[in-house]
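User: Could you take one part of this model and give it a close look? I'd like a single connected account, with the cut-offs spelled out as you go.

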Amino acid sequence: MRLDGGSALVTGGASGLGLATAERLLETGAHVVLVDLPASAGAEVADRLGARAAFAPADVTDPAAMEAALDTAEARGPLRALVHCAGRGGPLRLVSRDGTPGSLETYTEIVRVNLIGTFNTLRLAAARMAAGDEVEGERGVCVLTASVAAYEGQIGQIPYASAKAGVVGMTIVAARDLASRHIRVCTIAPGLFDTPILNRLGDDVRRSLAESIPNPSRLGRPQEFAALAAHVIENPMLNGETIRLDGSIRMQPR
Ligand SMILES: NC(=O)c1ccc[n+]([C@@H]2O[C@H](COP(=O)([O-])OP(=O)(O)OC[C@H]3O[C@@H](n4cnc5c(N)ncnc54)[C@H](O)[C@@H]3O)[C@@H](O)[C@H]2O)c1
């Protein structure tokens with residue numbers, strides 16, 4: 001799918017994988033709208049990225065705010081790509097050390113942001129794409145973000161792993177659902193990437209995480225995620241698939 005002259009929506013675009021993807025998509029000639037929380041650095045980041053970038057403050061679980069973000073994108077050009085990177089972790093044990101059951105509120109909140117937020121963003125973006133014209137036989141491409149935690153969630157990751165497994169599960173269904181409208185859907189499942197999400201860990205932990213990756217034995221670079229997202233958008237045969245991007249890591253229980 002060619003993006004030049006069209007627009008792309010990148011959620012979580014103020015930071016990490018989303019920011020690198022926004023930078024990469026700007027190179028294609030697209031208008032790029034960064035969606036992120038109002039308190040994020042989205043406005044400064046969009047300013048720095050130049051005239052074809054804009055910031056739309058929105059929580060991805062909020063239908064009205066996401067419709068407004070899509071209006072911002074469509075005012076700049078027809079929506080041709082969604083790269084949905086917004087998400088966050090949140091530790092939770094099923095049963096805590098003192099025997100208390102894990103918090104239902106915490107579980108619900110992490111699933112809400114990561115899974116419900118993905119569905120909300122995907123349904124609204126797909127509806128805009130479906131109403132648009134075809135370009136070389138396609139109306140749009142949606143790239144979602146899961147995690148290797150969808151397959152090998154570690155102890156303490158039960159809400160995050162559940163949500164990301166939900167994103168993997170929706171991928172083929174969404175691709176089938178949107179096939180007749182010529183809209184593709186793929187998901188990227190990153191391993192360990194060097195983004196602010198890992199900043200709260202000390203250098204020693206980050207080093208040992210990097211060493212646990214077989215090859216290349218280092219944290220992934222956000223630009224490597226962005227390169228795959230751009231390739232998914234370009235390659236019309238990629239559809240309905242979740243692609244692990246992880247240097248062949250298989251996470252241990254803890
Ligand atoms: N970095 C990794 O190692 C890694 C590994 C696997 C999966 N992921 C996934 O990749 C995605 C991007 O992560 P990242 O590493 O770039 O993290 P990040 O913290 O750098 O960026 C995430 C962005 O999402 C935004 N965000 C969070 N909740 C939001 C909401 N409700 N509405 C709108 N924006 C929201 C945050 O403000 C932030 O700017 C996430 O879905 C994360 O789960 C990351």
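What follows is one request about a strand and then a long answer that works outward from it.

Are the two faces of strand 5 buried or exposed, and which strands does strand 5 run parallel to?

Analyst: A quick word on ground rules: this is a predicted model, so local features need pLDDT of at least 70 and side-chain atom pairs count only at pLDDT 80 or more, while totals for chains, interfaces and linings use all residues. Residue numbers start from 1 along each chain as its sequence is written.

Strand 5 covers residues 140-145, and six of its six residues are buried. Strands here are DSSP runs of E with at least two residues, helices are H or I runs of at least four, and both are numbered from the N terminus. As for burial, a residue is buried with 20 or more other C-beta atoms within 10 Å of its own, exposed with 12 or fewer, and partly exposed in between, with C-beta atoms placed from the backbone. Neither face of strand 5 is left open: Gly-140, Cys-142 and Leu-144 are buried on one side, and Val-141, Val-143 and Thr-145 are buried on the other.

Now for the partners. Strand 4 (residues 79-84) runs parallel to strand 5, and three bridges join them; two strands pair if DSSP finds at least two bridges between them. One spot to look at is Val-83, whose bridge partner in strand 5 is Val-143. To get from strand 4 to strand 5 the chain passes through helix 4 (residues 104-130), and that β-α-β crossover is right-handed. In practice, with the strands pointing away from you, the path from the first strand over the helix to the second runs clockwise.

Strand 6 (residues 183-190) also pairs with strand 5 in the parallel sense, this time over six bridges. Val-143 turns up again here, with Cys-186 as its bridge partner in strand 6, and Gly-140 stands opposite Ile-183 of that strand. Strand 6 is mostly covered too, with eight of its eight residues buried. Ile-183, Val-185, Thr-187 and Ala-189 point one way, while Arg-184, Cys-186, Ile-188 and Pro-190 point the other. Going one strand further, strand 6 runs parallel to strand 7 (242-245), four bridges join them, and Thr-187 has Thr-242 as its bridge partner there.

Cys-186 also leads us to a loop. Leu-238 lies between helix 8 and strand 7, and its C-alpha is 7.2 Å from that of Cys-186, although the two are 52 residues apart along the chain. Leaving aside neighbours within four places in sequence, Leu-238 is in contact (C-beta atoms, placed from the backbone, within 7 Å) with Arg-184, Cys-186 and Val-232. Leu-238 is partly exposed because it has 18 other C-beta atoms within 10 Å.

Helix 8 itself (residues 222-234) contains Ala-229, which counts as buried because it has 29 C-beta neighbours inside 10 Å. Not counting residues up to four places away in sequence, Ala-229 touches Thr-21, Val-83, Val-143 and Ile-188. Before helix 8, the loop from helix 7 (203-211) holds Pro-216, which is joined to Asn-215 by a cis peptide bond with omega of about 0 degrees.

Another backbone detail sits just ahead of strand 6. His-182, in the loop between helix 6 and strand 6, has a positive phi of about 60 degrees although it is not a glycine. With 17 other C-beta atoms within 10 Å, His-182 is therefore partly exposed.

Back in strand 5, Cys-142 and Val-143 belong to the largest nonpolar core, which has 68 residues; they are among the six that touch the most other members, along with Leu-9, Val-10, Leu-34 and Val-35. Helix 6 (residues 158-179) gives this core its largest share, eight residues. Such a core is a set of buried Ala, Val, Leu, Ile, Met, Phe, Trp, Tyr and Cys residues joined through C-beta atoms within 7 Å.

Definitions and conventions. Two residues are in contact if their C-beta atoms, placed from the backbone, lie within 7 Å.
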